[in-house]
Amino acid sequence: MTVRSFEVKVPASSANIGPGFDVLGVGLQLYLQLKVTIDPSKDTSVYPHNVKLSYEGDLAHKVPLEADKNLVTQTALYILRANNIDAFPLGTHVHVINPVPLGRGLGSSASAIVGGIVLGNEIGEFKFSKNRLMDYCLMIERHPDNIAAAMLGGFVGSYLNELSPEDTAAKNTPLEYILPVPGVTPVEKYVSTPPPYNIGEYLQYNWSHKIKCVTIIPNFEVSTDSSRAVLPESYTREDVVYNLQRLAILTTALTQETPNNKLIYEAMKDRVHQPYRSGLIPGLQKVLASVTPDTHPGLCGICLSGAGPTILCLATGDFDSIAETVIGIFNKAGVECSWKLLDLAYDGATVEQ
Ligand SMILES: Nc1ncnc2c1ncn2[C@@H]1O[C@H](COP(=O)(O)OP(=O)(O)OP(=O)(O)O)[C@@H](O)[C@H]1O
Ligand SMILES: N[C@@H](CCO)C(=O)O
């Protein structure tokens with residue numbers, strides 16, 4: 001009996017980059033790893049859906065090890081079942097190594113979902129393109145910014161296509177209908193239906209290699225759902241134009257060989273999500289107002305990473321002092337932090353046999 005093994009690697013990501021709410025994302029060199037072995041001589045039929053799961057990494061005590069509760073394997077089962085494969089092959093062991101902090105704004109759910117979809121694509125030997133895999137991912141996490149950065153890597157912009165009424169209805173299928181849930185008998189018409197084609201479009205921009213990412217990570221979680229729940233339903237024209245003007249400048253400003261720090265700093269300001277999220281993140285307003293290219297000449301720009309609470313500082317130097325200043329402000333608000341200096345992950349999700 002042949003033993004098969006492979007490894008899936010998916011980067012963490014930072015979404016929005018200030019004004020690009022649900023639009024921009026960067027892949028970061030901090031990787032979720034799935035080490036997969038399929039050894040048919042091992043009987044894994046005692047585990048849900050035939051897969052033994054183990055996990056090391058952030059919040060290990062909180063991550064479920066049952067395939068129908070764990071986001072990575074639930075997602076892998078979604079793509080398998082949509083293509084007429086009911087379960088993992090007997091003898092499957094998935095060992096997860098996860099340094100991406102959960103619920104902190106560094107795209108942990110996107111890396112888990114992209115990892116799960118790539119895992120299912122390998123197990124089923126479907127050989128779908130990354131663009132098609134994006135359709136599967138967007139059925140689970142419905143804003144594309146983290147997902148596109150994790151799948152494709154680098155600095156990515158995305159939009160969602162206007163779909164036909166049938167495809168729109170399919171895209172909005174409730175998650176509990178398509179992800180396996182313990183004790184729930186799957187409804188054939190939902191689980192065996194692949195997603196619509198071309199849910200989104202994605203474009204990788206250049207990136208100035210002089211710009212690094214200083215990520216300051218507060219030691220508390222903010223779930224994306226709760227951080228989206230505080231956002232308003234509508235915005236003033238002034239605030240929408242404010243963000244659009246900055247977004248148009250930012251996507252090119254971040255590609256320039258010699259970054260213009262003051263231009264980037266202004267272009268990373270936002271009026272669509274950050275002001276509303278400050279109630280969830282003590283110290284956020286002070287951090288955003290206090291760390292500037294005047295106080296730290298190496299700083300290019302500063303923003304909330306994804307739905308928070310992590311702060312993303314783009315910088316060409318002064319990395320330690322930027323991090324120390326942000327951490328000092330959070331400490332005064334009673335929040336402990338760690339920090340990492342990260343480069344962009346240019347390859348996105350990869351599989352090594
Ligand atoms: N490797 C993983 N294995 C299992 N579940 C995971 C994994 N990574 C993330 N999750 C699930 O996703 C949740 C976090 O997702 P959430 O969207 O709230 O935050 P995030 O993705 O870390 O942040 P953001 O979307 O703002 O960048 C975790 O609480 C956990 O339920
Ligand atoms: N664009 C998303 C990223 C987090 O998933 C948000 O800010 O809610």
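This report describes two domains and a group of paired strands in one protein model.

The model is predicted, and local features need pLDDT of at least 70, side-chain atom pairs count only at pLDDT 80 or more, and totals for chains, interfaces and linings use all residues. Residues are numbered from 1 along each chain as its sequence is written.

The domain assignment, which is automatic or taken from a database, gives domain 1 (4-202 + 345-352) and domain 2 (206-342). The C-alpha centres of these two domains lie 27 Å apart. In domain 1, 24 residues are in contact with 31 residues of domain 2, where contact requires that the C-beta atoms, placed from the backbone, lie within 7 Å. On the side of domain 1 that touches domain 2, β1 (4-15), β2 (24-38) and β5 (155-160) each supply at least two residues, and β2 gives the most, with four residues. Strands here are DSSP runs (E, at least two residues), as helices are (H or I, at least four), numbered from the N terminus.

Strand β4 (residues 92-98) pairs with two strands, pairing being defined by at least two DSSP bridges.

| Partner of β4 | Sense | Bridges | Residue opposite I97 |
|---|---|---|---|
| β2 | antiparallel | six bridges | Q33 |
| β3 (residues 51-57) | parallel | seven bridges | E56 |

From β3 the chain crosses through helix α1 (residues 71-82) to β4, and this β-α-β crossover is left-handed, whereas a right-handed one would run clockwise from the first strand over the helix to the second, with the strands pointing away from the viewer.

Along β4 the side chains of T92, V94, V96 and N98 point to one face and are buried, while H93, H95 and I97 point to the other and are not; buried means that 20 or more other C-beta atoms, placed from the backbone, lie within 10 Å of the residue's own.

Notes:
Chains lettered and ligands numbered in written order. Contact = placed C-beta atoms within 7 Å. Buried ≥ 20, exposed ≤ 12 C-beta atoms within 10 Å, placed from the backbone.
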